[in-house]
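Here are a few exercises to work through with the model open. Try each task before you read its solution.

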Amino acid sequence: MTKNKDYLVNESKHFCMAPWVTMHLWPSGEAMPCCVVVPDEDTPFSGKLGNIQDNSISDLWNSSLMKELRTNMLADKPSQTCERCIKQEAAGNQYTLRRELNKDFSDYFYRTQDTNQDGSHDDPKIYYWDVRFNNLCNLRCLSCSVKFSSSWYNDSVKRHEYDGPALLQLPKSFWEEALPLIGEVQHAYFAGGEPLMTEEHYRMLDTWIEAGNTDLKISYTTNFTKTRLGNRYIFDYWNKFSNVHVGASLDDNWERAEYLRKDTVWTDIVQNRKDMIKDSPDTRFFLSSTIGIFNVLHWPDFHKEWIEEELVDPIDFNLTLLTHPEYLSMTVMPTEFKKRVEKRWLEHRDYIEKAFYHAHPDWDYRPDHMQSMIDGLLKYLWSEDNSQLIDRFHDEQRWMDKIRNNNCYDVYTELEELKTYGDHYEKVANRGW
């Protein structure tokens with residue numbers, strides 16, 4: 001096995017520290033190597049390690065897929081499991097989870113030396129915590145599902161004939177098995193469901209506070225609609241930790257935000273941000289936005305509004321390129337639309353740089369990560385022509401709009417033009433939905 005640390009961590013396109021420092025659990029109990037893996041139910045490859053309902057942490061740690069990943073990575077071989085990071089990096093994205101884990105956990109490379117010949121590893125540790133205790137959530141984001149939002153239940157029953165429970169949650173036995181591992185966590189990542197509505201999330205914060213472990217890195221992806229759970233105020237908690245990073249899943253503003261993330265009240269979001277600035281000013285805040293066919297043209301307008309209202313620093317954002325479901329990807333847009341999108345983002349890139357230097361006139365710093373993210377977005381925009389999925393886009397949106405009593409073309413008026421590109425749009429429109 002190849003075990004040159006400098007090459008694997010810094011130069012390899014396939015190596016990732018994930019199989020030695022983390023494991024990702026869904027509310028259903030399904031385990032994956034990390035949160036970036038997209039399980040494919042339609043092929044023999046699933047991307048799953050197993051289910052915590054039926055297996056121990058140790059069993060999942062040494063599942064056949066985890067062993068395969070370790071041997072492939074140490075030999076610098078690609079793995080199908082890692083397709084999303086590889087694809088995004090090829091498009092120019094410099095901030096994939098693979099690269100972040102390699103940077104943050106390079107000091108733990110010594111753990112790879114204890115990998116057995118078959119890829120097994122005898123010391124399961126969760127240094128990077130990414131466990132979704134349940135799917136409890138108050139929103140119905142368009143790109144989500146009942147797997148990660150309990151509020152999606154009725155829509156899933158109507159659209160997909162879902163017959164499972166509304167609330168999915170890990171068994172209580174998991175907490176007992178995981179508790180000894182919590183003290184060694186170096187970076188905890190909380191995401192949805194909605195973590196700020198989750199009792200277990202606060203229980204973990206209390207555990208670290210009681211142990212005096214308040215210097216670990218804590219990251220969030222939150223819909224930012226809730227700041228209180230009972231008598232607990234999240235800003236009071238964050239003030240007790242030294243390294244908290246809050247990524248707000250905000251993809252657009254006003255009625256567009258309320259369409260994409262159904263049940264959002266935009267004025268509440270704005271107020272929560274103002275409260276955070278007042279009550280927890282030292283906690284880092286950034287926009288963690290998912291960019292797809294709906295918001296790729298208008299996200300710059302939203303970003304500009306928040307910069308000018310001093311709700312976010314010009315370069316405090318992270319862009320996740322929506323790749324699944326594929327019909328919501330920006331690559332579905334026809335060439336004429338893509339040209340408009342490219343022009344808008346190039347203009348916005350120039351605006352961000354000017355706004356950054358205006359906000360920080362004394363900083364001797366160039367916002368290169370902003371440049372690379374926008375370059376990566378534009379590279380991905382042109383990487384594929386998936387315009388054959390326009391009909392699928394119209395089909396799905398008519399279904400969802402009927403279920404939710406919406407009309408996407410009233411909110412995203414430019415998408416009305418896409419109707420002229422769908423070969424079968426008239427057939428779809430005449431189905432009486």
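**Exercise 1.** Find out which residues Trp306 touches, leaving aside residues up to four places away in sequence.

*Solution.* Start from Trp306 and collect contacts (heavy atoms within 4.5 Å). You should get Leu250, Trp266, Ile269, Val270, Arg273, Phe285, Leu287, Leu311 and Val312. Next, look at the largest nonpolar core, which has 125 residues; such a core is a set of buried Ala, Val, Leu, Ile, Met, Phe, Trp, Tyr and Cys residues joined through side-chain atoms within 4.5 Å. Trp306 is among those with the most contacts inside it, along with Trp129, Phe174, Trp208, Tyr220 and Phe294. The largest share of this core, seven residues, comes from α15.

A word on the ground rules: this is a predicted model, so local features need pLDDT of at least 70 and side-chain atom pairs 80 or more, while totals for chains, interfaces and linings use all residues. Numbering runs from 1 along each chain as its sequence is written, and side-chain values use heavy atoms, without hydrogens or water.

**Exercise 2.** Work out whether the faces of strand β4 (residues 128-131) are covered or not.

*Solution.* Take one side: Tyr128 and Asp130 are buried (under 20% relative accessible area, 1.4 Å probe, protein chains only). Now flip over: Trp129 and Val131 are buried too, and both faces are covered. For the neighbours, β1 (residues 22-25) runs parallel to β4 over four bridges, with Thr22 opposite Tyr128. Strand β6 (residues 187-190) also pairs with β4 in the parallel sense, over two bridges, and Trp129 stands opposite Ala188.

Terms used
Buried means under 20% relative accessible area, exposed over 50%, partly exposed in between (1.4 Å probe, protein chains only). Two strands pair if DSSP finds at least two bridges between them.
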